[in-house]
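Reader: I should like to go through this model with you and ask, term by term, what justifies the words used to describe it. Please set each value against its cut-off before you conclude.

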Amino acid sequence: MNKKHTLVYSIIAFLLVGLAVVGLHHQEPTRVSYQVFLDATEKGYIKEVTLSDNEFISFELHNDKATYETENPRNENFKETLLLKGIEVHEKNSTMQMAMVQYLFSTVVFVGVFFIVFKHARNGQSGGKLGFKPNAVEVENLKMDFSDIAGNVEAKEQVQDIVDFIQNPDKYNKVGAKMPRGLIFYGPPGTGKTMMAKALAKEANVPFYSVNGSDFMQMYVGVGASRIRDLFSEARKSEKAVIFIDEIDAIGKARSNSAASSNEEKDQTLNALLTEMSGFNNGEGIVVIAATNRLELLDEALLRPGRFDRHIQIGYPDQSARKMILSLYLKDKPLDESVNVNRLSEDTIYFTGAMLENLVNEAAILAVKEDVSILTAAHFDKAFYTVIAGSEKKDRSKITLEEKKITAYHEAGHALVTTLVAPQNKVTKVTIIPSTKGAGGFSMNIPQEKMYQTKQDILAQVKISLAGRVAEEIIFGKDYVTTGASNDIEKATKYVRDFITKYGMDDSMGLVNMDIFGEANKTEVIELTKKLMKELYDETKIILDANHDKLVTLAEELIQKETLNNDQITQ
């Protein structure tokens, strides 16, 4: 036991002894009547009396170690009377004594808690700053290489030479080539950024250090910077390694020029990262990979050459990539002949790799629930909509016929306008069955896959979004539209706002990106958005009025069957 522990234990023991002494001092006395006390006083038996403001007073007799107590008479001259009879009189303030006991007890508790917390903090610091210890995933524990990553062909090509840089740095040093200090993988969540980083480490046959940007954000100034230094120090012990920092925007956001809005801890952490990356020499086989969903938020100092030299987009897979990803996840699954991978890859536009994996897994779970050993097209069809909208609600007893009718016309409006203004889109399913994600029903509209959206594409999407509310107004009246279009209005507003402010497609605003001006023209943008939304709403109403019979027919079919597929809608 060291001296610190001995001192702490000694203090605690001393305080406990003090409490015990106070407790012994308060042993229960023998209670007697006040008349007995008076008789003993007159006969000279009493040695001393202890007065207090309590209900009782205590006293001791000559040649008797016991303590007695009796009622407190609370007379003004009581003390004087006792003193005149030669009795020792002591006064005790019970309130102060109780406060002392409480103080001693509180001190013991405080010292004990402090000791426990101090010991815990020391134990945590033994593994790094406040419990942070960067650990490497060794090569033999990395399961994926580039052959296990389907799609992202361009991204794989961009990191292939990094593998050779790490393995053979001298080859590049001879011709004066420098290995990129860092790579940034950016793109939507679930597209495979972490997977790509692990595959790079596996291909390069080096350890993989993985941390999250939030690991460096602490309330104590300097801890984040210290953790950065610990991470790089640990990686340098491996000589060659991949350091992966996920969600780097947690520490790498653009620094503010305003002292009032700056964050000292974040700035110190970011400076430490920049310093460590600048400290690499050309012979070191260490590469830093960062991942983010918001590249535009990062500080310019991170993005310049010499820091994160390469910015590699890992985006949504195209149809060919989706087919490769699905084939990878399906290769060990028992599939029925009805499962068409080409059709699945066509219908899963805007699915990320993670969503595709989830789709296959949901289909397998459904097969297990049905106690079958083979996955069918029906399983994938149901899994598809589970991933998109959630599972179907089983209990629909509380849905009234009127609510069912409103939902049917709302979804029929979406589906009908889609077939009329965007015939290239596929309406694969329309349902009025509510889902666990809160949707009362939905119309699945799969757009044609292409690189760009035209002006007409955007306007058509706005009309499709507004069609549900328009159908409600036509059938039930303007005063009886529902809240079911809230999400549709949000989507339509975003389309129109970008149409005006970002794409330069509105004639009155012209070829200007209004986002650059910030809040300066907010009122004008809102007025233009309202005007264009009103025009498109009226055009959508004209379309549905002209196809009123088709709207009614489609809605009635939905009320009866609850779900319609593409063939039933287009016939």
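Reader: What makes strand 12 and strand 13 a pair?

Author: In this predicted model, five bridges join strand 12 to strand 13, and the two run antiparallel. Two strands pair if there are at least two bridges between them, so five bridges satisfy the condition. Within this pairing, Lys429 stands opposite Met444 in strand 13.

Reader: How do you know that strand 12 also pairs with strand 14?

Author: The reasoning is the same in kind: three bridges join strand 12, residues 426–431, to strand 14, again antiparallel, and at least two are needed. Here Lys429 stands opposite Asn565 in strand 14.

Reader: Why are strand 13 and strand 14 called edge strands?

Author: The three strands form an open sheet in the order 13-12-14, with antiparallel pairing. Strand 13 (442–446) and strand 14 (563–565) each pair on one side only, and they are the edge strands. From one strand to the next the twist averages 10 degrees.

Reader: Which helices are said to pack on the sheet, and what do they touch?

Author: Helix 15, residues 377–389, touches strand 12 and strand 13, and its direction makes about 100 degrees with that of strand 13. Helix 20, residues 548–561, touches strand 12 and strand 14, its direction making about 120 degrees with that of strand 14. Touching here requires heavy atoms within 4.5 Å.

Reader: Why is strand 12 described as largely enclosed?

Author: A residue is buried when its relative accessible area is under 20%. Five of the six residues of strand 12 are buried, so the strand is largely enclosed by the rest of the structure.

Reader: What puts the buried residues of helix 12 on the same side?

Author: The buried residues of helix 12 are Ala321, Arg322, Ile325, Leu326, Tyr329 and Leu330. They cover an arc of only 165 degrees around the axis, which puts them on the same side of helix 12. Their cover includes helix 7 (193–204), helix 13 (341–347), helix 14 (353–369) and helix 15.

Reader: How confident is the prediction, and which elements have the lowest and the highest mean pLDDT?

Author: The mean pLDDT of the protein is 82, and 83% of its residues reach 70 or more. Among the elements, helix 1 (residues 3–25) has the lowest mean, 54, and helix 17 (residues 455–476) the highest, 96. Over residues 121–130 the pLDDT is below 50, although this stretch has 13 contacts in the model beyond near neighbours in sequence. Where pLDDT is low, the predicted coordinates should not be read in detail.

Terms used
Residues are numbered from 1 along each chain as its sequence is written. This is a predicted model: local features need pLDDT of at least 70, side-chain atom pairs count only at pLDDT 80 or more; totals for chains, interfaces and linings use all residues. Side-chain values use heavy atoms; hydrogens and water are left out. Helices (H or I, at least four residues) and strands (E, at least two) are DSSP runs, numbered from the N terminus. Axes are lines fitted to C-alpha atoms, for helices over the stretch in contact, and angles run from 0 to 180 degrees between N-to-C directions. pLDDT is the predictor's confidence in each residue, from 0 to 100. Buried means under 20% relative accessible area, exposed over 50%, partly exposed in between (1.4 Å probe, protein chains only). The arc is that of the directions from the helix axis to the C-beta atoms.
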